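User: I am new to this structure and would like a close look at a single part of it. Please take one group of linked side chains and follow the connections outward from there.

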Amino acid sequence: QVLKRKEGLVLWHDQIFSKRPKDGGVVAWHQDRSYWQRVKPGHQLTVRVVLDDEDASNGAIQFVPGSHTWPLLPITSKHFNDMDSIKKVLDEKQLAQFESRRALIEGRQGECTMHHPL
């Protein structure tokens, strides 16, 4: 829907989550939209570029299929360090989806994913 817009696309923000070997690093579960509320709903798209090959052993991104239909959730981990913090704001159905449907997305250097901000 965002890509079909007739007017040009604008890069709103760029950011790198660095998960260095042996240092690790976490990015807590979140909805991108929670952080970018200045833009109208439905006018955002997150593009993630894979800088190094990634899999389960080195922190590949995970999604919960169908979670884009959930309402906007509050920010639960300001510094992205509490992986379980999102569970505090999920209702029973959302929590069941979160626990059972998580999908790991492995990627190779140069590939990208595009996803809904919710």
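**A salt-bridge network and its surroundings**

Analyst: Asp84 and Lys87 form a salt bridge in which the closest N and O atoms are 3.5 Å apart. This is a predicted model, and every distance below is computed from its coordinates.

Asp84 is partly exposed, with a relative accessible area of 46%. Lys87 is also partly exposed, at 30% relative accessible area. Lys87 has a further partner: its side chain meets that of Glu99 in a salt bridge of 3.2 Å, N to O. This second pair links distant parts of the chain, since Glu99 sits in helix H1 and Lys87 in the loop between strand S2 (61–63) and H1, twelve residues apart. Glu99 counts as partly exposed, with 39% relative accessibility.

Glu99 in turn meets Arg102 in a salt bridge, again with 3.2 Å from N to O. Arg102 has a relative accessibility of 36%, so it counts as partly exposed, the range for that term being 20% to 50%. Taken together, Asp84, Lys87, Glu99 and Arg102 are linked in a network of salt bridges. The count for the structure comes to five salt bridges.

Arg102 leads from the charged network to an aromatic ring. Arg102 lies over the face of Phe98, 4.5 Å from the ring centre. Phe98 is also part of an aromatic pair, and the structure holds one such pair. The partner is Trp29, and the arrangement is edge-to-face, with 4.9 Å from centre to centre and 75° between the planes. Trp29 lies in the segment before strand S1 (46–49) and Phe98 in helix H1, so the pair ties together parts that are 69 residues apart in sequence. Both Trp29 and Phe98 are buried. The path followed so far therefore runs from Arg102, which is partly exposed at 36%, to a ring that is buried.

Phe98 brings in another residue, Trp70. Trp70 is placed in the loop between S2 and H1 and is buried, with a relative accessible area of 7%. Not counting residues up to four places away in sequence, Trp70 touches Gln31, Val64, Leu90, Gln94, Gln97, Phe98 and Leu118. For one of these, Leu90, there is also a backbone distance: the C-alpha atoms of Trp70 and Leu90 are separated by 9.4 Å, with their positions 20 residues apart along the chain.

Gln94, another residue touched by Trp70, belongs to helix H1, which covers residues 92–101. Gln94 has a relative accessible area of 7% and is buried, because the limit for that term is under 20%. With neighbours within four places in sequence left aside, the contacts of Gln94 are Trp70, Pro71 and Val89.

Some places outside this group help to set it in context. Arg38 lies in the segment before S1. Arg38 is exposed, at 77% relative accessible area. The C-alpha atoms of Arg38 and Lys88 are 25 Å apart, and the two residues are 50 places apart along the chain.

Gly107 is found in the loop between strand S3 (103–105) and S4. Gly107 is buried, with a relative accessible area of 4%. Leaving aside neighbours within four places in sequence, Gly107 is in contact with Val50, Asp52, Asp53 and Glu54. Of these, Glu54 is 53 residues away along the chain, yet the C-alpha atoms of Gly107 and Glu54 are separated by 5.2 Å.

Strand S4 (residues 112–115) holds Met114. Met114 counts as partly exposed, at 48% relative accessibility. Met114 also belongs to a nonpolar surface patch of about 570 Å², made together with Ile16, Leu45, Val47, Val49 and Leu51.

To return to the part asked about: the salt-bridge network consists of Asp84, Lys87, Glu99 and Arg102. Within it, the bridge between Glu99 and Lys87 links helix H1 with the loop between S2 and H1. From Arg102, the connection passes to the face of Phe98, and from Phe98 to Trp29 through the edge-to-face pair. Trp70 touches Phe98 and Gln94, among other residues.

Note on methods: Residues are numbered from 1 along each chain as its sequence is written. This is a predicted model: local features need pLDDT of at least 70, side-chain atom pairs count only at pLDDT 80 or more; totals for chains, interfaces and linings use all residues. Side-chain values use heavy atoms; hydrogens and water are left out. Helices (H or I, at least four residues) and strands (E, at least two) are DSSP runs, numbered from the N terminus. Buried means under 20% relative accessible area, exposed over 50%, partly exposed in between (1.4 Å probe, protein chains only). Contact means heavy atoms within 4.5 Å. Patches are made of residues with over 30% relative accessible area and no salt bridge: like charges are joined within 9 Å, nonpolar side chains (Val, Leu, Ile, Met, Phe, Trp, Tyr) within 5 Å. Accessible areas come from the Shrake-Rupley method with a 1.4 Å probe; for residues, only the protein chains shown count as cover. A salt bridge is a side-chain nitrogen of Lys or Arg within 4 Å of a carboxyl oxygen of Asp or Glu. Rings of Phe, Tyr and Trp (its six-membered ring) pair if their centres lie within 6.5 Å; planes under 30 degrees apart count as stacked, over 60 as edge-to-face and the rest as tilted. A charge sits over a ring if NZ of Lys or CZ of Arg is within 6 Å of the ring centre and within 35 degrees of the ring normal.
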